[in-house]
Amino acid sequence: MRKGAGILCVFLFLATAAAEASADSWRDDFASVVLLRDYNTRLVLVSTTLLGIAGGLAGSFLLLRKRSLMGDALSHATLPGIVLAFMFAVHFTGTGRSFAVLITGAAVTGLLGCVVVLLIRSLTRVKDDAAMGIVLSVFYGAGVVLLSIVQHMPEAGTAGLESFLYGKTASMVRADFYLVSGAAVISLIASLALFKEFRLLCFDEGYARSMGWPTHALDVLMLLLVTLVTVVGLQAVGVVLIIAFLIIPAASARMWTSRFGWMLALAAGFGGASGWLGAGLSALAPGLPAGAVIVLTAAALFVLSLLAGPDRGVIARTVRARALKRRVERQHLLRGIYEVLEESGPAPHLAGDSVPLIPWAVLERKRSWSPRELRGVVRRAYRRGLVETMDRDGVRLTDAGARAAARVTRNHRLWEIYLVEYADIAPTHVDRDADAVEHILGAGLIRRLEASLPVAARPAADGVPASPHPIR
Amino acid sequence: MDQSLRERPVARLRGAGSVGLPEEHSPGSPLSVHDLTVAYHRKPVIWDIDLEIPEGKLVGIVGPNGAGKSTLMKACLELVPRSSGEVRIFGEPYRAQRKLVGYVPQRESVDWDFPVSVLDVVAMGTYGRLGWLRPVNRRCKGLAMEALEKVGLADFAHRQISQLSGGQQQRVFLARALAQDARVYFMDEPFAAVDAATERAIVGILHDLKRRGRTCLVVHHDLATVEEYFDWLVMLNMRVVASGPTAEVFTAENLRKTYGGKLTLLSEAATAVSKEAGGAE
């Protein structure tokens, strides 16, 4: 966790330094491509990067607190606030161009939306998700209505207000950059300082409350953090898409790690990277809306994480499932061969020239394998040195294969006997039940199985007990 | 350690003296409940609960589904709002005595896919001692490790919690409460759906806690083991049917009162009350 924080600090420092440095000091090609030469573009890039970092941090808490939809309600509820703040500003000062005023209005109605959600939840029997759905759409609808009213007002200068809907990075100025940097620094400090408190709250609220932590206050703090990131990000990404900036980096990070601290650091990294790349892409191709490109970039990183995540990723899971399937097939082959040879009597010879080749057709019947499937299974066993030949007439085990076959059969039968004796499963059904689990039994479980079964204490000649049911 | 805790008189003196408690609350009792009623959406879940638990006992709380066992526990810990009544922990309200109480919630109450390690979860038991803003330090982790050893999960310290079996998860929650080093423990169904090894481990821990003078309140389902595990029994079905030494109150008559027949009337009355209140609004 500390390492993650360190990386973040360096990242923040570099980003700030990059924005402050004069154009001349960045003359290498990398900078001209990624940061571009234009001062304003660089300002935008650094701002969106910082915004991504802040969003990743705040979003991680939101995701783990299972409040993603709450973030969505909050961001949509900011729209009427923006428009109302604009109307007030026009009325009292004559111009509605002050970003600070607009985002204050956004924060007020955003939080108001959250309060309404909480009120609905505590005063009625309407469930959480329904309450958030209602608040989200009603506040957003109100915002759209107000927006159309404002646009028909005689005072000019409403242009740009609708950019809050979908986001527009080009209009960002130096003051916005400071605002976004401030938000990023605050989320970083809050994440580090309240790391343990937020982790406890997200994991087990009831326990936290029983210990006297003010969970409501912590929830409010968390919500304020989300509000902060949301309102400073509104201009760049827009009301509709800002939730993606919060949730997607956090969800991506979760695919890579099962540690809270690392998840925060990675979410900040993913958020920063998507802000940087997304804004960069939209700057390279004028006309592309930055907010949407940023979200799509974040989504691309998410898909990558979904596929390549080391533990939960699709690829890793497919590989694991395939390996298990191969192991099950291999064990079925070995036990099939053992059972065929066992027909000549208990404790059969399994390997050596005196052992007859087992015809393919006999093995196919053992497991209702198609000839093609069986060939594949045998070929893989051959590569592992378990099967001696791949003869046209049939199959024969190697010494290693023979040992493995005896062991596999023994485990299967021990498990069957255990099920018959302890789980009251009829001997006619036990084969299938044993089949379902025996392949994943570890060595420790097998030892316990042996200890609990008297039959394992006085084994047959080769250690393999007789099957508790007739073998088909 | 044990002695120093026992001799600490703060709670008793304050409880007996200045506050002017009703006489029903004995200041020495680890849990004293008076006239407690809790309602969800106007429907009473527990009614007029009066309890006086002696110190140093293993207390079983039994009753049918929906009898309000968990609710009673949560109401004592101020996790659900009370409609009326008072709860005293060693003579003081809960909020003043939190450090003396360890809570083991139901296993299903959290998401076990959460990104933390076993050690992280157990170390949460020491957060109360740490206080605000201070990061989890070596000492906390040491205490957490000791607690994990007590429940037999030291080897699992660095596993992610989703990799544990149900029984192991239950032991992790128990270890977290042990790391708190409390004087009275509230355990919500620790024996629910656990394997035999976990059940033995939990019983061992209960006896160890009793030996050290701690009080344990345990919501329990398995009537077959009640007499073996608990020396004090609270039989609950919306109200307290019986509370006392297990040998005295665990009778056929009380079981019938708790689980069978007549009390359905009470629950019907509660439903009627909630309808009445709902209609009146």
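A residue is called buried here when its relative accessible area is under 20%, exposed when that area is over 50%, and partly exposed in between. Keep these cut-offs in mind during the tour, and remember that what is open in the viewer is a predicted model.

**Chain B as a whole**

Begin by selecting chain B, in which there are 13 helices and nine strands. The chain has 281 residues, of which 53% count as buried, and it exposes about 12200 Å², with carbon and sulfur atoms supplying 52% of that area. If you display the contacts between residues with a separation of 6 or more, 70% of them come from residues 24 or more positions apart.

**Strand E8**

Next, select residues 232–237 of chain B, which form strand E8, and colour them by accessibility: six of the six residues are buried, and the strand is accordingly described as mostly covered. Turning the view shows that both faces of E8(B) are covered, since B:Trp232, B:Val234 and B:Leu236 are buried on one side, while B:Leu233, B:Met235 and B:Asn237 are buried on the other.

**The partners of E8**

Now add residues 58–62 of chain B, strand E3, which pairs with E8(B) in the parallel sense over four bridges. Within this pairing, B:Ile61 stands opposite B:Val234.

Then add residues 239–245 of chain B, strand E9, which runs antiparallel to E8(B) and is joined to it by six bridges. Here B:Val234 can be found again, standing opposite B:Ser243 in E9(B). Strands E8(B) and E9(B) form a hairpin with one residue between them, and in this hairpin B:Met238 takes a positive phi near 70 degrees.

**Two loop residues with positive phi**

From the hairpin, move to B:Glu78, in the loop between helix H3 (69–76) and strand E4 (84–88) of chain B. Its phi is near 60 degrees, a positive value in a residue other than glycine. Is B:Glu78 buried or partly exposed? Its relative accessibility is 22%, so B:Glu78 counts as partly exposed, the limit for buried being under 20%.

For the last stop, select B:Asp181, which lies in the loop between helix H8 (166–180) and strand E6 (184–187) of chain B. Phi of B:Asp181 is near 50 degrees, again a positive value in a residue other than glycine. With a relative accessible area of 24%, B:Asp181 is partly exposed.

Technical notes: Residues numbered from 1 in each chain as written. Chains lettered and ligands numbered in written order. Predicted model: local features only at pLDDT ≥ 70, side-chain atom pairs only at ≥ 80, totals over all residues. Heavy atoms only, no water. Buried < 20%, exposed > 50% of the residue type's maximum accessible area, 1.4 Å probe, protein only. Contact = heavy atoms within 4.5 Å. Areas by Shrake-Rupley, 256 points an atom, 1.4 Å probe, with all protein chains shown as cover. Pairing = 2+ DSSP bridges.
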